[in-house]
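Here's a quick tour for anyone meeting this structure for the first time. Have a look at it, then read on for the main points.

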Amino acid sequence: MLSYIGRRVLYAVPLLILISFVSFLVISLPPGDFMTTLQNELMNQGGLSREEAQKIADRMREKYGLDKPFVLQYFTWLSGVVRGDFGYSFQYKKPVSEIIWRRLAWTLLIALSCHLLSVIGGVLPGIYSATHQYSLSDNFFTFLAFLGLSIPNFFLALALMYILVFWLGVEHVGGLFSPEFVMRSWSWAKLVDFLKHFWIPVFVVGIAGTARNMRVMRGNLLDILGQQYIQVARAKGLREDLVILKHALRNAIQPIVMYLGMSLPFLIQGAIVTSIVLNLPTTGPMFYKAIVSQDMYLAGSFLFLIAVTLVAGNLLADLMLAWIDPRIRYE
Amino acid sequence: MYKRLSVVFLVLALVFSLAFAGLAEEEKNLGASFDSASDILFYKSFPNYNEAPEVKKLVEEGKLPPIEDRLPKEPLVWSKAMMVDGTGLYGGVWRDTFAVPTEGWNWAAGQTQGWFGINQIIQETLVTTGPMWMMKKPDPLPHLATSWEWSEDGKSLTMHLMEGVKWSDGVEFTAEDVRFTYEDNVLDDAVNSWQSKGSWTYGEKVTELEVIDDYTIRWHFGEAFPVRVFYLMDYLDLSLSAAHVYKHFHPKYNEEASYEGFNNATPPEDLPAVVLGPYVPVAYKPDQQMILVRNPYYWQVDEDGNQLPYFDEIWFAEAEDGTVRTMNLLAGSGDRTNLENPQMYSMALKEAQKPDSHFKVQWEDFYIEYRLEMNLSAYASVNSDRDKALRGLFRDLKFRKAVSHAIDREGIANAAFPGPFTKASYGGYPSGSPYYNESMVVKYPYDPEKSRQLLTELGFEDTDGDEILNWPEDSPIAGKNLVIELILGGDQDAAVKAAEALQPLMRDVGISLRVRTIKPTVQSARVDSGDFEWTITRQDSTITPFMYPEDIGAMSDTSPAWHIAATEGQRDLMPFEEEIRDLLKSTATMTSPAERREALEKVLHLYTENLYTVGIYQARRGLGIAKRFKNIPDDTPTRLYQWFPTGTPIQTFWTPAEDQKKTQFQDLIPTPETYKKQDWYPNK
C-alpha cells in the first residue's frame with residue numbers, strides 16, 4: 001500500500017507542475033496586468049489623470065518584475081513555491097500565503113458544514129426513498145431533490161436574502177456577524193448572532209449537494225437491493241435493517257465517497273458566486289477578485305492549491321474505497 | 001355669474017397653493033450659495049470650548065490635556081450658514097461599507113485605506129476643493145493653509161499655516177510635515193505617491209518648496225501664476241503625512257531603512273494610526289470590519305465652540321463587492337451609499353419611498369456622461385489595412401456626424417432609466433458642470449435619414465444586398481462590410497446596456513456594430529495602447545475640465561485616451577484638437593475665474609462642433625443616506641470637485657439623541673500613551 005501511495009505522489013509532481021504552468025499562462029494571456037487595475041483605481045478613485053496613473057503603473061511594473069518575460073516570471077514564482085513562498089499579492093499588499101490562510105478557517109468551517117449537511121441530509125432520505133419506492137414520501141423527497149438540484153445556489157441565496165430582508169425585516173443577513181458583534185470577543189450573544197448568519201450559507205450551498213446525494217443514494221441502493229446477494233441475505237433470515245445497512249449500503253455508498261474525495265478542492269474554494277452574494281469572508285471571492293484584477297501570484301497560487309487538493313482528494317477517495325470495499329486492492 | 005365663478009376659482013387656487021406650500025418640505029440647498037470662502041469657514045478663537053463627554057472624561061482622568069491645549073490658537077470654524085440643520089449634538093454611530101482591502105496607513109506613499117470614504121475621513125490638506133460647490137464663484141478654500149499671496153511676478157506663492165494644530169498623537173503639525181510630504185514623497189521617484197514630479201512641473205521646472213518658518217512655506221514655480229497648482233494641494237494629491245512618524249522609516253533619513261519598509265511602515269492592523277482627520281481608525285479585522293472613533297485633537301469647531309466631529313464612531317463593514325454598500329443601506333444595516341448605476345435606481349427608490357424607510361435618496365445634477373469614443377489615432381496600433389481604413393474614417397467629421405445622427409439619445413436614456421434621472425448628451429461636459437453653457441453646444445440630433453445621406457456621400461453603398469454598407473472602391477478594403485468593433489469592460493453594466501442599444505441603431509443606417517464585453521483590465525490595456533476601434537466610457541471628471549484637462553484634450557502623448565501618440569511619438573492632431581489643447585493649456589495660468597470660464601466654454605463649442613467624442617446620455621447620481629443624519633444639504637453632490645465625504649464635511653453631520661445608535665468603542669479613543677505601545681511609533 002505504501003509503495004502505491006508513493007507512486008501516486010510521484011506521478012502527481014509533473015502533473016502539478018504542468019497545471020501550474022498552464023494556469024499561470026492562462027492568467028497572463030490577456031493583455032494588461034494587475035497594474036492596469038491599479039491604474040484604473042488611480043484614475044477612478046484617486047482622480048488622477050490617465051497619464052499620471054500610467055506612469056505610476058509602469059513604475060510598479062518595473063518594481064515587481066511584471067515587465068519581465070512570462071517564462072522568467074513563472075520560474076521566479078515556481079522556485080518560490082518550492083520554498084514555501086507563494087509570492088506577493090499586489091491587491092492586498094501582503095504575502096499570498098498570509099491572505100489564503102486568513103480566509104481558510106471560515107471557508108473550511110462553512111464547507112465542512114455543507115458537506116456534513118449534504119451527507120446526512122442526503123444519505124438518510126435517500127435510503128428511506130429507496131426502501132419506500134414510489135410511496136408518497138418517496139415522491140416528496142424526489143420532488144425536493146429535483147428542486148434542490150435545479151435551483152442555482154447563488155439564486156437561492158439572492159431569493160433567501162430578499163425574503164429575509166424585505167418580507168421578514170431582518171436587518172443584517174450578509175457576512176457572518178452583525179456589525180455590532182464583529183469586534184466583540186466570543187460570548188453567548190455572539191454565538192447566537194453567528195448562528196443567525198451561518199445557517200444561510202450552509203443551507204444554500206449544502207442544499208444542492210444534499211439533493212444530489214439523495215438521488216445517488218436512492219438510485220444506487222435500488223440497484224443493489226435487486227441483486228442476488230441481497231436476496232440470499234434475506235433468504236438466510238437476516239433482519240431487514242441489517243440487510244440494508246450492512247450489506248447493501250456498503251456498496252451503494254461508494255459513488256458518494258468517491259465524490260467526497262473529488263470535491264475536496266471545494267473545501268478551500270468555497271462556492272464562489274454564493275460567497276460573493278452572501279458577502280462571506282471566504283477564499284472564493286478573493287480568488288474571483290484576483291482573477292478579475294489579474295493579481296497573478298494570488299490567482300496562480302490558488303489554482304495551484306486547488307490542483308493539489310484535487311490530486312490529494314482523489315488519492316484519499318481511492319484509499320477510503322479500499323477500506324470500505326475489501327474487494328479493492330491496489331498492490 | 002362669471003364674477004362669482006372667478007372668485008370661487010381664485011379661492012380654490014389659493015387654498016390649493018397654500019396646501020401645497022404646507023405639504024412641500026422646505027428644500028435645504030447650498031449649491032452656489034456663498035460669495036466667499038469665509039462664509040463657509042473661517043478661523044477664530046473662542047473664550048470657551050466644548051468637547052464630547054467621553055473625551056472630557058479622559059481629560060479628567062489626566063490621559064488627555066485640556067481642550068484649550070489640544071486645539072490650535074484659532075481653530076477652523078464651520079459657519080452656521082453652511083449647516084442646514086444648525087450646530088449639532090455629540091453621539092451616535094455612523095454605519096458604512098467599504099470593499100477594497102486596506103493596504104496600510106502611509107497614504108503619502110500611495111497606500112489606500114480602502115476608499116469608500118475612509119481615505120477622505122482621515123486625510124487632511126493645505127486647501128480643500130470639496131466644498132467649492134457651495135460657492136457662487138468656485139475657487140479652492142483655505143484649510144490647513146489659512147491664507148496665501150502671490151509674488152509680484154507670479155512665480156512664488158507664500159502660504160501661511162494654522163498654528164497649534166496637532167496630530168491625533170498630540171504632536172504638533174508644522175511646515176516640516178508639508179516639506180516631508182512634498183519632497184520625500186511626491187518628488188521621490190522611489191515612492192509611489194499619488195502625484196509625481198511631472199504634475200508639479202511648470203515651465204519645465206519642478207516646483208521648489210522653501211520652508212520660511214514652522215508656519216510659513218513658499219512655493220517657487222517655473223511659470224507665472226500656475227493657479228491649477230491649488231488642485232494639487234488637495235485631497236490625495238498632497239494629503240499631509242506625519243513627518244515625525246514616517247521620517248524614521250525613509251531611506252533618506254535612515255541608512256538601514258528601505259523603500260519597501262517605508263511604504264509598509266504602518267501595517268493595516270497596527271492601530272491607532274496617526275491622523276489629522278476627524279476620526280482615527282482604532283480597530284480593523286481584515287475582511288470584516290474597521291472601527292473609527294473621534295480624534296480628540298481635531299482642530300475644527302462649530303460656531304458655538306463645540307469641537308468637531310459630532311458622531312462618536314464610524315463602523316465600516318468590509319464587503320466583497322461595492323454593491324453590498326447599497327444592499328446594506330436597503331436592508332437597514334448601513335447609513336449611506338452612492339447610487340451610480342441607473343440599473344440600481346428603481347430598487348433604491350422603491351424602498352426609499354416606503355413611509356417607514358430609514359433612508360432617503362437625494363439626486364444631484366447631471367454630473368456623469370456616457371460617451372462613445374472613436375479611436376482617432378492614425379498611427380498607434382495600426383497593424384492592417386482595415387485599421388488604417390477605419391482610423392481614416394473616424395477622423396472624418398462627416399462620418400462622426402453620420403454616427404451622431406444615427407443615435408437616438410432620448411431612447412437610450414429612457415431605456416437606461418425613464419424619468420428625470422437621465423437625458424440625452426451631446427458631448428463635452430455634462431450639463432451640471434459649472435462650465436456648461438447650452439448655447440455653446442453644437443448638436444447633431446437623431447436623424448437616420450441624414451446619417452444615411454452622409455454615409456452615401458462618403459462613398460458607402462450596400463453592394464451585396466445584406467443591408468450592411470460596403471467600403472467604397474478607393475478604400476484599401478474595398479467591398480468589405482462596414483463592421484466596427486466596440487469593446488467594453490464587463491464591470492460597466494450601464495455602458496454595456498448603452499452599447500447594446502446602439503447596435504440596432506447603427507444597423508439601421510448600415511453599420512454592423514460588434515459589441516465585445518471583456519475583462520476591465522483587458523479593455524484598459526487595449527485602450528491605453530490605442531488598440532481599439534470604439535469604446536463607451538463613463539465620465540465622472542469632465543464635469544470639472546479645469547481640474548482634469550487630460551480627459552478633454554491632447555495635454556500629453558497619452559491624452560486624450562482616444563487619440564494617443566504612437567510609440568515613436570507620431571500623432572497628427574487635427575486643427576480643432578490643437579485649438580482645444582492650446583485653450584486648455586492657457587487655463588492653467590488664468591487667475592480670473594471669468595476668463596477661465598470663457599476659455600472652457602470655447603472648448604465646449606469646439607468639442608461638440610467637431611464631435612471629439614460622441615455623447616450618448618447623461619445621468620444623475622443619487623446619494624442614499626439615513627434620514628436621521630442632519631446637516632446634509634438636499635443638493636449635496638456625490639462627486640463634483642471631490643467625492644461626498646470631502647465635498648460636504650462629514651465632521652458637521654449629527655443625529656438627534658433619540659435616533660443615535662449605541663456606541664461600543666469609546667474606550668478606544670486614543671491618547672498619546674496609546675501610540676507609545678505601537679512597534680512602529682518612534683517617539684516613545
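A residue counts as buried here if 20 or more other C-beta atoms lie within 10 Å of its own. Keep that cut-off in mind for helix 9 of chain A, residues 228-235: of its eight residues, the number buried is zero, so the helix lies largely in the open. One more thing before the details: this is a predicted model.

**Chain A on its own**

- Chain A has 15 helices and two strands in its secondary structure.
- Measure out a box along the principal axes and the C-alpha atoms of chain A fill roughly 85 × 60 × 35 Å.
- Out of 331 residues in chain A, 40% are counted as buried.
- Take the contacts in chain A between residues at least 6 apart in sequence: 72% of them join residues at least 24 apart.
- Just after helix 9 of chain A comes A:G237, with a positive phi of about 95°.

**Where chain A meets chain B**

- The contact between the chains draws on 42 residues from chain A and 45 residues from chain B.
- On the chain A side, helix 2 (34-44), helix 3 (50-63), helix 5 (96-131) and helix 14 (283-292) each chip in at least two residues.
- Which helix of chain A gives the most to that side? That would be helix 3, with eight residues.
- Sorted by class, the chain A side of the contact has 15 nonpolar, 17 polar and ten charged residues.

**The two domains of chain B**

- The domain assignment splits chain B into domain 1 (37-335 + 629-676) and domain 2 (365-619).
- Between the C-alpha centres of these two domains of chain B there are 38 Å.
- The domains do touch: 14 residues of domain 1 of chain B are in contact with eleven residues of domain 2 of chain B.
- On the domain 1 side of that contact, there are nine nonpolar and five charged residues, and no polar ones.

**The largest nonpolar core**

- The largest nonpolar core holds 262 residues, and B:L292, B:A498, B:I536, B:I616 and B:Y617 touch the most other members.
- Helix 8 of chain A (residues 188-225) gives the most to this core, with twelve residues.
- Domain 1 and domain 2 of chain B each put at least three residues into this core as well.
- What does B:Y617 contact, leaving aside its neighbours within four places in sequence? Its partners include B:Y370, B:R409, B:I412, B:K423 and B:A498.

Key. Residues numbered from 1 in each chain as written. Chains lettered and ligands numbered in written order. Predicted model: local features only at pLDDT ≥ 70, side-chain atom pairs only at ≥ 80, totals over all residues. Contact = placed C-beta atoms within 7 Å. Helix = DSSP H or I, 4+ residues; strand = E, 2+ residues; numbered from the N terminus. Nonpolar A, V, L, I, M, F, W, Y, C, P; charged D, E, K, R; others polar. Buried ≥ 20, exposed ≤ 12 C-beta atoms within 10 Å, placed from the backbone. Domains from an automatic or database assignment. Core = buried A, V, L, I, M, F, W, Y, C linked by C-beta atoms within 7 Å.
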